[in-house]
Protein chains: 2
Amino acid sequence: MRRFLINQGKSLLDNTRRQHHTTRRFLSILPSTSAPVPVPSRAPLVSLSRFLSSTSKMAASDSASSLPVTIDSINPKVLKCEYAVRGEIVNIAQKLQDDLKSNKDAYPFDEIIYCNIGNPQSLGQLPIKFFREVLALCDHTSLLDESETHGLFSTDSIDRAWKILDQIPGRATGAYSHSQGIKGLRDTIAAGMEARDGFPVDPNDIFLTDGASPAIHMMLQLLLSSEKDGILCPIPQYPLYSASIALNGGSLVPYYLDEATGWGLEISDLKKQVEEARSKGIAVRALVVINPGNPTGQVLAEENQRDIVNFCKQEGLVLLADEVYQENVYVSDKKFHSFKKVARSLGYGEKDISLVSFQSISKGYYGECGKRGGYMEVTGFTSDVREQIYKLATVNLCSNISGQILASLVMSPPKPGDDSYDSYIAERDGILTSMARRAKTLEEALNNLEGVTCNRAEGAMYLFPRIDLPQKAIEAAETANTAPDAFYCKRLLNATGIVVVPGSGFGQVPGTWHFRCTILPQEEKIPDIVNRLTEFHKSFMDEFRN
Amino acid sequence: MRRFLINQGKSLLDNTRRQHHTTRRFLSILPSTSAPVPVPSRAPLVSLSRFLSSTSKMAASDSASSLPVTIDSINPKVLKCEYAVRGEIVNIAQKLQDDLKSNKDAYPFDEIIYCNIGNPQSLGQLPIKFFREVLALCDHTSLLDESETHGLFSTDSIDRAWKILDQIPGRATGAYSHSQGIKGLRDTIAAGMEARDGFPVDPNDIFLTDGASPAIHMMLQLLLSSEKDGILCPIPQYPLYSASIALNGGSLVPYYLDEATGWGLEISDLKKQVEEARSKGIAVRALVVINPGNPTGQVLAEENQRDIVNFCKQEGLVLLADEVYQENVYVSDKKFHSFKKVARSLGYGEKDISLVSFQSISKGYYGECGKRGGYMEVTGFTSDVREQIYKLATVNLCSNISGQILASLVMSPPKPGDDSYDSYIAERDGILTSMARRAKTLEEALNNLEGVTCNRAEGAMYLFPRIDLPQKAIEAAETANTAPDAFYCKRLLNATGIVVVPGSGFGQVPGTWHFRCTILPQEEKIPDIVNRLTEFHKSFMDEFRN
């Protein structure tokens, strides 16, 4: 029974082809002359029904020809959009996890380890206590009137809750707020950014959103009218950008990060790609830079950032700065600098450069992904364009107030002398130093594998190793109708329970293969993960070595 | 000074023209032969700078010709989109409110009363205690380990928090959840819906979202490929629909609700509009029904609902049922029936009809707008189309967990025998009966005004009175470059501090004028609002009577 189920799972995993479509899309975007893998068009999804039963309902509706909506009648932009971070491999992993409960003996592992997504608390990281104390007090404000509360909560969390409640009109934490977010919280955030950068921040430039994703969608929706509008995106990139560009009907104009120089960003490549896009009639509207990098983990040098800012100025591009990993830097020779600070240091003001910086409470050391808080700072737009951005914000009324409160807290944590300060610092530094150790251990382990090279994770939460796959593995993937890196990742999942995302979901130089793996499993689990990964990789290479 | 400021404000208010554009858009959609008001194209926004200073930065960037993004280069769909509920009049009100702080003597009122939006807690309604207790315990879980907690929280809130935490993988309330929402919470919601309707609900049909708005956007994004795809929407409608249709590049196909029969929905009119749209080459994809109605407040009769379901079945339309006011019914002769229940009662199953029901935690008696919780139940779609809906959900990762928890709580409130039950019932019934009284008082007051007729608010949170504006007022509006109903609403705001939304923001039969007013100000304020409104209306009519 055990062997049967394993083999069944393996065959199911290998036979699927969704990942492949992602590959194809990227290959068609990238200026490549040869696609390394032939891709059949619209191959049917094969017999995944058992494993997909909880998100789709094959039995109920598959033969229902009388239903009005068909896959051919929906918005083709939706069909085109792909989001690998929660794509097919994660769906399979979720089904395996369900199956594990009843069929423990059927698998060579006890649990699924989700290294596919930067979701620290799902892997056991605890929330920062001060933040949650304040949140609870703001949710259930009558606690503030009870004497027992002083025994249960730190004094600074009580003070902070009062301060925040006084910033909310009518202290109504259950009311829609201003569409940009509660003004007093934006003041706090602006002050935190000013302290970080040393340059003034106008709270009215801040738009609070449900995580950074809706802010990114909003800006791309503003900038993209048709496929004749292009956005320069790094390859590899975080697939939210390609997904949102696809949904908004624009064109992704790729520029390559150079793996050989630690995922460096070459201005000459940017220039080349802009010129090529323009020669095809594409108006390049903006440049996306992710710093620290996702999935690549590099932290840009300040000089490189200056070049990028100057490039945007010269070429008339909006700079979309994804800075959600600004607190995740693990190496002493690199430091995070916001693009706003770099631009202002160069002397560029409001009238010189259009710059949007995205921030999130999902990342950092706090990792409050489920609270869906985030914001963007929008500078360098004319007032009529700003009004349109504001209008877009109003259509969804406002972002959730708990996320707004948390966004203000992470930009204004306890200070020396506060009741919570010592425990807060211990929590924060404990998480960040452990992440740095985990990144180092995993990086070294990956570099010890045959045919694998991995740049260091200077920041963010990921490693993005390159795998030199043997020709036989590539052929086997081809036979299984799967991209080679997806083939590897599915095999890895099946053998170890470790979930990673194939490089084809992020884009990569054609003919190279990667995967993205988070550094987030709790530290005590890392040795076991290294062992499982090493053992799997050996046996994979033994099976397919040329 | 006092008189100067009033007049200055009045002139600012009258000179603006945004509302006008809204009118024009609706007029161009509606099958009308004559536009009652000539509209200049692209008239500049006039001297609102003092009143708009906190959301736009005229001084900094207006003359900045070197910035890359101009109003002519942004996505024209964004320009086309309008959202009157948070439109120009609300912006002006916010500025007036700020100005009131320092210039109390300049205005004939002490406060701004926001009747523009269904936002109960902003007007003083308190949250339901049980819900907030559970939320606080889930936010700050270590409270559950403290003995003092039993003195501070009800026993059923503690039990419920444990139950919910056990439903969340790893009890991690700070982790991204499944993209459809936490499975255990969906189970609870499904059970609540089953109890309501008496028909089975599959938890995997439920998609939890940050309020109902993102769910509505998601479905419209799926269905709309171009302006050749149309969505049947009621006129008057909630402007989220027109905004989202504009952003997604589709066509709004209007059908009129009949004011004379209490905002009845005539199948014959639906049929006529579908045929007319089809004759123009528009593929009508879906029918939006808002029940109880927004802005109109009617509750559909079950027979009418059956006709609507049959119509959708016959015409091959997706039925998009906006049921966010399902708990807000104020009259004993009407009752809320979900469209799902009506469809199933008619014998239509999964294979027969495509039906999406939207629900929100912002409305009901709880009014937790700021928590941004909601969901849709998606039934009657083929598995491949469902996969695309799921993919759209994954792109934003998941909705906020506090909103998810609240969505489960409102569908599973305390039961007889629970510690919180009596206080919960008292809170719930207190709010609902007060809302019913407020609706009645305001309706009667409106019907007492010269030239005003107002249907009863059977449900939802709004009244939508019709004003028979004198010709002289229409001409004055024309001179002021403003739609007549917007002219009236701005005058009302200026004279009383009461914020309502002009009917032109929702659509109305050409040549008729309305405004939407919520029933939400706290009950003790209603007499004063009635007085202010009555006094204003008298003086307005005296000024403009033919």
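**Strand 7 of chain B and the relation between the two chains**

In strand 7 of chain B, B:Val318, B:Leu320 and B:Asp322 on one side and B:Leu319 and B:Ala321 on the other are all buried, and both faces of the strand are thus covered. The model is a predicted one. In a regular strand, side chains alternate between the two faces of the sheet. Strand 7 of chain B spans residues 318-322, and 5 of its 5 residues are buried.

Strand 7 of chain B pairs with strand 6 of chain B (residues 283-290) in the parallel sense, over 5 bridges. Among the residues involved, B:Leu287 has B:Leu319 in strand 7 of chain B as its bridge partner. The connection from strand 6 of chain B to strand 7 of chain B passes through helix 14 of chain B (residues 302-315), forming a right-handed β-α-β crossover.

Strand 7 of chain B also runs parallel to strand 8 of chain B (residues 355-360), to which 4 bridges join it. Here B:Ala321 has B:Ser357 in strand 8 of chain B as its bridge partner. The chain passes from strand 7 of chain B to strand 8 of chain B by way of helix 15 of chain B (residues 339-345), and this β-α-β crossover is right-handed.

The arrangement of the chains was also examined. Chain A is superposed on chain B by a rotation of 180° with 0.0 Å of shift along its axis, with an RMSD of 0.0 Å. This is the relation of a two-fold axis. Within chain A, the C-alpha nearest the axis belongs to A:Ala136 and lies 2.1 Å from it. Both copies use the same surface, as 100% of the contact residues of chain A recur in chain B.

Conventions:
Residues are numbered from 1 along each chain as its sequence is written. Chains are lettered from A and ligands numbered from 1 in the order in which they are written. This is a predicted model: local features need pLDDT of at least 70, side-chain atom pairs count only at pLDDT 80 or more; totals for chains, interfaces and linings use all residues. Side-chain values use heavy atoms; hydrogens and water are left out. Buried means under 20% relative accessible area, exposed over 50%, partly exposed in between (1.4 Å probe, protein chains only). Two strands pair if DSSP finds at least two bridges between them. A crossover is right-handed if, with the strands pointing away from the viewer, the path from the first strand over the helix to the second runs clockwise. Copies are superposed by least squares on the C-alpha atoms of residues with pLDDT of at least 70 in both. Contact means heavy atoms within 4.5 Å.
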